[in-house]
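The following exercises concern a single protein model. Please consult the sequence and the structure while working through each solution.

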Amino acid sequence: MTTRQYREAILTEFARAGVTDYAFEPGGKHPRVVYTHQGQRHMYVIPATPSDNARGIRNMVADLRRALGLTAP
């Protein structure tokens, strides 16, 4: 997976959750996205590493969905 693919997946989930206030930022070893959801500011570190790419993006999407309340408890 490339950083672009991670970014596209994040934007898809943000659109589903109605998140419009976000910014992608460079980090130390990993980029991050800072966003506002339901009036609170959040940060998510993007695990854009080349190892285990097949599951990496799926795991990231699952994490974001949980954080955005898009999954049933």
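## Exercise 1: Surroundings of His37

Task: In this predicted model, determine which residues His37 touches, leaving out those up to four places away in sequence.

Solution. Beyond that sequence window, His37 touches Ala17, Val19, His42, Ala67 and Leu68. His37 itself is found in strand S2, which covers residues 32–37.

Task: Decide whether His37 is buried or exposed.

Solution. The relative accessible area of His37 is 10%. A residue counts as buried under 20%. His37 is therefore buried.

## Exercise 2: The nonpolar core

Task: Identify which elements give two or more residues to the largest nonpolar core.

Solution. The largest nonpolar core has 14 residues, and those with the most contacts inside it include Phe14, Tyr35 and Leu64. Two or more residues each are given by helix H1 (3–17), S2 and helix H2 (53–68). H2 supplies the largest share, five residues.

Task: List the contacts of Tyr35, leaving aside neighbours within four places in sequence.

Solution. Tyr35 is in contact with Phe14, Val19, Asp21, Tyr22, Gln40, Arg41, His42, Tyr44, Leu64, Ala67 and Leu68. Of these partners, Phe14, Tyr44 and Leu64 are also listed among the core residues with the most contacts inside it.

## Exercise 3: The whole protein

Task: State what pattern the protein follows along the sequence, and what percentage of its residues is buried.

Solution. The protein has two helices and three strands, arranged along the sequence as α-β-β-β-α. Buried residues account for 26% of the 73 residues. The protein exposes about 4,800 Å², of which carbon and sulfur atoms supply 51%.

How values were computed:
Residues are numbered from 1 along each chain as its sequence is written. This is a predicted model: local features need pLDDT of at least 70, side-chain atom pairs count only at pLDDT 80 or more; totals for chains, interfaces and linings use all residues. Side-chain values use heavy atoms; hydrogens and water are left out. Helices (H or I, at least four residues) and strands (E, at least two) are DSSP runs, numbered from the N terminus. Buried means under 20% relative accessible area, exposed over 50%, partly exposed in between (1.4 Å probe, protein chains only). Contact means heavy atoms within 4.5 Å. A nonpolar core is a set of buried Ala, Val, Leu, Ile, Met, Phe, Trp, Tyr and Cys residues joined through side-chain atoms within 4.5 Å. Accessible areas come from the Shrake-Rupley method with a 1.4 Å probe; for residues, only the protein chains shown count as cover.
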